[in-house]
There are 2 protein chains.
Amino acid sequence: MAVYTHLASEDLAALIAAYDVGELVSAKGIAEGVSNSNWLVETSGRNGAGARFILTMYEKRTDPGELPFFLGLLDHLAAKGCAVPATLHDRDGAAFRRHNGKALALIEYLPGISPDAPSAAQAHAVGAALARVHLAANDFDRTRANDLNMRACLAILDRCSEERLAGIDPELPQWLGAARDLVARWPQDLPRSIIHSDLFPDNVLMRGARVTGLIDFYFACHDMMAYDLAVTHAAWCFDRSGLGFAPEIGEALVSGYQSVRPLEPGEREALPRLAQGACLRFTASRAQDWLDTPADALVTRKDPMDFTRRWKFYAENGNRVFA
Amino acid sequence: MAVYTHLASEDLAALIAAYDVGELVSAKGIAEGVSNSNWLVETSGRNGAGARFILTMYEKRTDPGELPFFLGLLDHLAAKGCAVPATLHDRDGAAFRRHNGKALALIEYLPGISPDAPSAAQAHAVGAALARVHLAANDFDRTRANDLNMRACLAILDRCSEERLAGIDPELPQWLGAARDLVARWPQDLPRSIIHSDLFPDNVLMRGARVTGLIDFYFACHDMMAYDLAVTHAAWCFDRSGLGFAPEIGEALVSGYQSVRPLEPGEREALPRLAQGACLRFTASRAQDWLDTPADALVTRKDPMDFTRRWKFYAENGNRVFA
């Protein structure tokens, strides 16, 4: 949530000159994204009428070797009419450049703001947009494994050790046993595509009830489409702490999804487990970050228990919620 | 250099609706300013053609009681044609609003980028823009004392204690004696106006050699105009560490200033001392921040010695540099 690297304005101007987008007019570092540096860049535009872009510098969490997948996916989806930002290519046709050893990409700027308290109409639109991505991504010619799959998440928690997990919350070690049971009966044969896998409200731009942009595809991977819907459900239908569930948001999200891509019976039946799996995924990554981040650091640690609370909700109510 | 407060998008939309600027289209938290939260806001504009603004939320370092001075000054200078952003007033005519106990202002967005390695032509333009501000501010009907005047800076250093100053650098306590000598012979009778008093390159937006905006007037106060030129000289003519001096930048800055407002002989004669005073001011505030900020904090502490090095340069070369 910061700009990690200083980019001298002279270097920025030279970088922009490598693209056919007019000359640099303005650049503001923006507090967006979790692990990369981003600038909102304005240029004079190809026709002088002005144009805006997001310039992303990939910091250590993003492997530049994966950029052809991430950026190619954006171009593939944008070309098919999905509300995602396309990548600008430089005058030599490259989708990303390097500066002082770091990769940089210039990405289309999309209007819209991320809802903090989404309405049912907004959730419906997000469900539909997600389904469109799943359908459009199906023939994308690159692939990427889900490195935060269920076994990887269990491995993360195992590496944290039961003692340290208990330090976060005494209930966590016991919960880990239930998580193992879930992974043992994790569905394997549901339809797959490229999925976003991190579609929190932060990663959706909207104007009113219209989706203007799905962004931050840096966890995109090949996995079960219904799992992505379950991730989005867990991300959209609760208050931050995971206590208050909003049934009308959940219903609108699933109904919006099905308005574009109806779920198969097996997917629908699996949704409660998939939603628990989504909670396992975020509990694992947050527990790792929690234990890796000093308590007095200035960055805010996200509470892993926000998602174990959601897990509990799905364990108790999943069949009813997704009936 | 961050967004300190989360502003829900729904609250942001309601806030923007209080102004006659069209409806909210986009808002990005920007990494700008040292102590306030800022967003780059896009709206549909009064005529639907789109408009952009900076929304500033004043955090603890800015006293809301001083906003009528700071924001009124921007309006006064903008009305006189200075390259500063004007303040938008809400539908009730107010220059700032309150949200959850914090003051917020909507400020004109200006294009341009801050130079990292300014050219002489850029320094000339900045000098001229500064002189225009001094002339235009002269009949502004509000005033504000310089709470970082020389005696206040000495008091800050005294509160740090010699022992702790020596912990920053063994030379600092002895230097403090020389600083006291300077303050004892500090000029009192030079022409005054409202001055910016913090015009680092970060606070200047430019396109090529044209100044498109002077920003961040939150240290503006009533003081000697030549002191402001000396602050700007100390801020623009050295590399970051204060070792390398660029004489052509300094000459262009002073010559640009004089192209709009020729210095009086007494001002010119005082410039070496005023420049040392500028170095005292930044040494003092940085020493305080240095001692107040834990060494392992994630915010970068600025080295106070960067400005004691500049002090030394002016002590040895000031008469020659400003001849």
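These points concern the symmetry, the contact between chains and the strand pairing of a predicted model.

1. Basis. In this predicted model, local features need pLDDT of at least 70 and side-chain atom pairs count only at pLDDT 80 or more, while totals for chains, interfaces and linings use all residues. Residues are numbered from 1 along each chain as its sequence is written, and chains are lettered from A and ligands numbered from 1 in the order in which they are written.

2. Symmetry. A turn of 180° with a shift of 0.1 Å along the axis lays chain A on chain B at an RMSD of 0.1 Å (least squares on the C-alpha atoms of residues with pLDDT of at least 70 in both). The two copies are thus related as by a two-fold rotation axis. A:Ile30 is the residue of chain A closest to that axis, its C-alpha lying at 2.1 Å.

3. Interface. Chain A and chain B each put 28 residues into the contact (C-beta atoms, placed from the backbone, within 7 Å). On the chain A side, S1(A) gives the most, with 7 residues. Because 100% of the interface residues of chain A are also interface residues in chain B, the copies meet through the same surface.

4. Strands (DSSP runs of E, at least two residues, numbered from the N terminus). S3 of chain A, residues 51-57, has 5 of its 7 residues buried (20 or more other C-beta atoms within 10 Å of the residue's own, all placed from the backbone).

5. Pairing (at least two DSSP bridges between strands). S3(A) runs antiparallel to S2 (residues 37-43) of chain A, with 7 bridges; A:Thr43 stands opposite A:Ala51. S3(A) also pairs in the antiparallel sense with S5 (residues 102-108) of chain A over 5 bridges, where A:Met57 stands opposite A:Leu104.

Key: Two residues are in contact if their C-beta atoms, placed from the backbone, lie within 7 Å. A residue is buried if 20 or more other C-beta atoms lie within 10 Å of its own, exposed if 12 or fewer, and partly exposed in between; C-beta atoms are placed from the backbone. Helices (H or I, at least four residues) and strands (E, at least two) are DSSP runs, numbered from the N terminus.
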